[in-house]
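Please look at the sequence and the fold together, and follow the strands and helices in turn as the paragraphs below take them up.

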Amino acid sequence: MHYGARAVGAVGAVGLITVEASAVGPLHRTTSADLGIWNEEQAAAHRRLTSCIRERGTVPGIQLQAAGRKGSHQLPWVGAGQNGPVSAADGGWPTFGPSAVPFGDLNVPREADHADHADIDEIVEAFTRATRMAHLAGYQVVEIQAAHGYLLHEFLSPLSNHRTDEYGGSPHNRMRLALRVARAVRAAFPADKAVFVRITTTDWVEGGISVDEAVMFAKELAAVGIDLIDVTSGLVVRDEAARPPRGGTGSTSSSRRRSGTRRDSRSPRSDRSTICRWPVTRSVRSGPVPPGRQPARRSTQHAARSFSHGPVRGSGRVGRR
Ligand SMILES: Cc1cc2nc3c(=O)[nH]c(=O)nc-3n(C[C@H](O)[C@H](O)[C@H](O)COP(=O)(O)O)c2cc1C
């Protein structure tokens, strides 16, 4: 009833409720207790939740995630939590990532197959299947998790992706997997339902993803029909030398504890004005974002209202709030 409670109140009081990161396959979980959305039995269970949310006039969404090298760790409230790997002998499972480089103390991932890209194809298939299950479950929005150091972000960031094939190296190559997933998810979800992507604008480390690269990625996502870019940052490496002190990013100390990142109080504060949620709905469906155009500040809830109450006219933008 937790989600139902969020949706209670005046009908439509909350525009969108997104069920947090749900694994696209058993080997793509972060922990053994993750929520999953890879089969019909799970879809049926999710349907009870989406019905409850929809009855209250709220749009139900779900975030789809593959953990990559952050998979098979302990439950957040047990022992070392997100910093504690679970071995196969203790009920864990093998993980893979773009390169055999671990996150902090977690297990060393297997490098995703180079020869025939079977691992990469499986990822695309897993997101596609999960999207079909999300539709079956009654979700109206799916969000692809391509941030916070999980698999798609691991491919995007040069800090975790050291590949020399077409999935590594240049920004274009590092974006290849995430764009394949975005295209496949968009194609698998009905056209009148929305697909969001959560991206990172900075890895908070020299040599990681920059704002310019993130903008390039956002434009590519817009070109494949993604409806909204949900912007966040960090968590692809444990030591984020340039992360601003608390209050500078909106990140909570608990989220840093959960991910095993540390705060460096010597770091300069960033200008948050460039880090906001950037709706690309409708306007980018009909063409790329014009250069120099300022992103409007609008939350996902506001975006959901436009899906809930019909398409926005004109440029597709809702005015600043
Ligand atoms: C307990 C907890 C659970 C979270 N779960 C998710 C999640 O499932 N998916 C996600 O994208 N972010 C998740 N986050 C991260 C937040 O959405 C948010 O990104 C973070 O608090 C930092 O804020 P910022 O992205 O605005 O910088 C979680 C954060 C906390 C503290």
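**Strands side by side**

Val142 stands opposite Val195 in strand β6, and this pair is a good place to begin reading the model. Five bridges join strand β5 to β6, and the two run parallel; here two strands are said to pair if DSSP finds at least two bridges between them, while strands (E, at least two residues) and helices (H or I, at least four residues) are DSSP runs numbered from the N terminus. This is a predicted model, in which local features need pLDDT of at least 70 and side-chain atom pairs count only at pLDDT 80 or more, whereas totals for chains, interfaces and linings use all residues. Residues are numbered from 1 along each chain as its sequence is written.

Strand β5 (residues 141–145) also pairs in the parallel sense with strand β2 (residues 59–65), over four bridges, and there Glu143 of β5 is the bridge partner of Gln63. Five of the five residues of β5 are buried, so β5 is largely enclosed by the rest of the structure; a residue is called buried if 20 or more other C-beta atoms lie within 10 Å of its own, exposed if 12 or fewer, and partly exposed in between, with C-beta atoms placed from the backbone. In a regular strand the side chains alternate between the two faces of the sheet. In β5, Val141, Glu143 and Gln145 lie on one side and Val142 and Ile144 on the other, and both faces are covered.

Strand β6 (residues 194–200) pairs with β7 as well, in the parallel sense and over five bridges, with Thr200 standing opposite Thr232 in β7. In strand β7 (residues 228–232), Leu228, Asp230 and Thr232 point one way, Ile229 and Val231 point the other way, and all are buried. Together with helix α6 (residues 211–223), β6 and β7 make a right-handed β-α-β unit, where right-handed signifies that, with the strands pointing away from the viewer, the path from the first strand over the helix to the second runs clockwise.

Helix α3 (residues 118–136) shows two contrasting faces. Its buried residues are Ile120, Ile123, Ala126, Phe127, Ala130, Thr131, Met133 and Ala134. They cover an arc of only 165° around the axis, taken from the directions from the helix axis to the C-beta atoms, which puts them on the same side of α3. The face turned away from this buried side carries the exposed residues Ala118 and Asp121. After α3 comes Gly138, whose phi is positive, near 95°.
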